[in-house]
Amino acid sequence: MNARAASGKDMAQQEIYPIVDGPVSAGIWSRIVDGVYWARIPLPFRLDHVNVWLLEDGEGWAIVDCGIDSAEVRAIWAQLLASLPGERPITRIIVTHGHTDHIGCAGHLVSTLGVPFHAPLIEWLSARLRHAASLTTLPDATASFLLRHGCDETMLQAFDDERLRVSQYLGAPPAELRRISNGDRLQVGGRSWAVIVAGGHADEHVSLYCEADGLLLAGDQILPRISPVVAVFAHEPDASPLGKYLISLDQFLSIPEGVLVLPGHGLPFRGLHARIAALRQHHVDRLDQLETVLAEPKTAFEAGSILFSRAFEGGHRRLALGETLAHLHVLVQQGRASVRTDQQGRQIFYRTGG
Ligand SMILES: [Zn+2]
């Protein structure tokens, strides 16, 4: 690449990712705009970090998202809490959704700081249920779900080990909730945030939009570079999270293209509509690939091993199988695929389109 092309690319990158001096290491707050700070919490997964935010809240700061619960992350929080801008106290904790990388450390922070906890009801409840289930062995319904989608008996434990590995990082969620609902306005200090509840990645994922300052705290609903996990799991085997996710993207189109998006993972970015179009296209492409793969009838496990081979090899089979099913369910809804049950009780998906 010649120098001119390289600098042109750098300029384009800078327009998309305007915050050049972001957090270089865990335990440091970086200013985004007045009254909004950003820090990163490391994750022991393939996705190696989650973003957390500080919003000026009158006399203190509200925290948005918390990271996982572990000795390392508690130590990072101790460091972050000791270096709050202006040495003002934490007023409350808000989480965008109930996944472990966002709510994991919330219980620890709420009990340490004695502050209120805000989240959507279903996200809080589902985290509490997952926490309660984290000590149980593989439920029968999960085993039957996995077997019917093409896993063999020997794989069941490996699949469940993936669930247990993540659940060790989910601390007991706070016992008390201040509920956030779709359409609410959340007043945090001098800023008023519109609450956008959307499905697909989680059942009641919350994004916060401040029109006055052109800021969108997107959580995981819209991420730069990667597409959020949209997956079917055993507890709701017929769900269509991808259908919900694609609908949810429309909710964001009324927000101006120029907003600064503060995502749950990755760098703050501009270009909301372009990113929504890319995420939509990503799923359209996946659906097309999957339809092609189904020219030979397959279980979800077989189809997923082809479509998500890297995830299947890399210890993320539970998510990859769930993502495959999310796409399969949309293909079935669109009349492009159908499903039958074979003699072993396995669900076989096959292409029906032209
Ligand atoms: Zn996340």
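**Entry 1: A231**

I began with A231 in this predicted model and asked whether A231 is buried or exposed. At 12% relative accessibility, A231 counts as buried. I placed A231 in the loop between β11 and α8. I then listed what A231 touches, leaving out residues up to four places away in sequence: P241, L319, G322, E323 and A326. For A326 I also looked up the backbone separation from A231: the two C-alpha atoms are 5.3 Å apart, although these positions lie 95 residues apart along the chain.

**Entry 2: α8 against α12**

A326 led me to helix α12, which covers residues 317-333. I asked at what angle α8 and α12 cross. Their axes cross at roughly 80° and come within 7 Å. I therefore recorded α8 and α12 as roughly perpendicular to each other. On the α8 side, the residues that meet α12 are P241, L242 and G243. Their counterparts in α12 are A326, H327 and V330. I noted that P241 and A326 are also among the contacts of A231.

**Entry 3: α10 against α12**

I next examined helix α10, residues 300-307, which also packs with α12. The angle is about 105° and the axes are 9 Å apart. This makes α10 roughly perpendicular to α12. Which residues meet here? From α10 I recorded A300, F301, A303 and G304, and from α12 L321, T324, L325 and L328.

**Entry 4: H329**

I stayed with helix α12 to look up H329, which is located there. H329 is buried, with a relative accessible area of 14%. Neighbours within four places in sequence set aside, H329 is in contact with V232, P237, D238 and A239. For one of these, D238, I looked up the distance: its C-alpha is 7.8 Å from that of H329, with a sequence separation of 91 residues.

**Entry 5: the zinc site**

I asked which protein residues are donors of the zinc ion. They are D101 and D220 through OD, and H102 and H265 through NE2, at 2.0 to 2.3 Å from the ion. The spacing of the donor residues in sequence is D-H-x117-D-x44-H. H102 and D220 link distant parts of the chain, being 118 residues apart. H102 belongs to helix α3 (residues 100-103), whereas D220 sits in the loop between β11 (215-219) and α8 (241-251). I found both H102 and D220 to be buried.

I then checked the geometry. The angles among the 4 donor atoms run from 88 to 160°, and the site is irregular. It does not count as tetrahedral, because that class requires all angles to lie between 85 and 135 degrees.

**Entry 6: G266**

I looked up G266, in the loop between β12 (260-263) and α9 (272-293). At 17% relative accessibility, G266 counts as buried. Apart from neighbours within four places in sequence, G266 is in contact with W38, R40, H49, N51 and P224. I also recorded the separation of G266 from G98: 168 residues in sequence and 19 Å in space, C-alpha to C-alpha.

**Entry 7: cysteines**

How many disulfides does a search of the whole structure find? I recorded 0. I then asked why C66 has no such bond. The closest cysteine sulfur to that of C66 belongs to C105 and is 6.7 Å away, which is too far for a bond. The cut-off for a disulfide is a sulfur pair within 2.5 Å. From the side of C105 the result agrees: C105 is in no disulfide, and its nearest cysteine sulfur is that of C66. C66 is buried, at a relative accessible area of 0%. C105 likewise counts as buried, at 0%.

**Entry 8: positive phi**

I closed with two residues other than glycine that have a positive phi. D65 has a phi of about 70° and lies in the loop between β4 (60-64) and α2 (71-81). For E87, phi is near 50°, and its place is in the loop between α2 and β5 (90-94). I asked which of the terms buried or exposed applies to D65 and to E87. D65 is buried, with a relative accessible area of 1%, whereas E87 counts as exposed at 74%.

Terms used:
Residues numbered from 1 in each chain as written. Predicted model: local features only at pLDDT ≥ 70, side-chain atom pairs only at ≥ 80, totals over all residues. Heavy atoms only, no water. Donors = N, O, S within 2.8 Å, 3.2 Å for Na, K, Ca; no water. Tetrahedral: all angles 85-135°; square planar, octahedral: opposite > 155°, others 65-115°. Helix = DSSP H or I, 4+ residues; strand = E, 2+ residues; numbered from the N terminus. Buried < 20%, exposed > 50% of the residue type's maximum accessible area, 1.4 Å probe, protein only. Axes fitted to C-alpha atoms, helices over the stretch in contact; angles between N-to-C directions. Parallel < 35°, antiparallel > 145°, perpendicular 65-115°, else oblique. Contact = heavy atoms within 4.5 Å.
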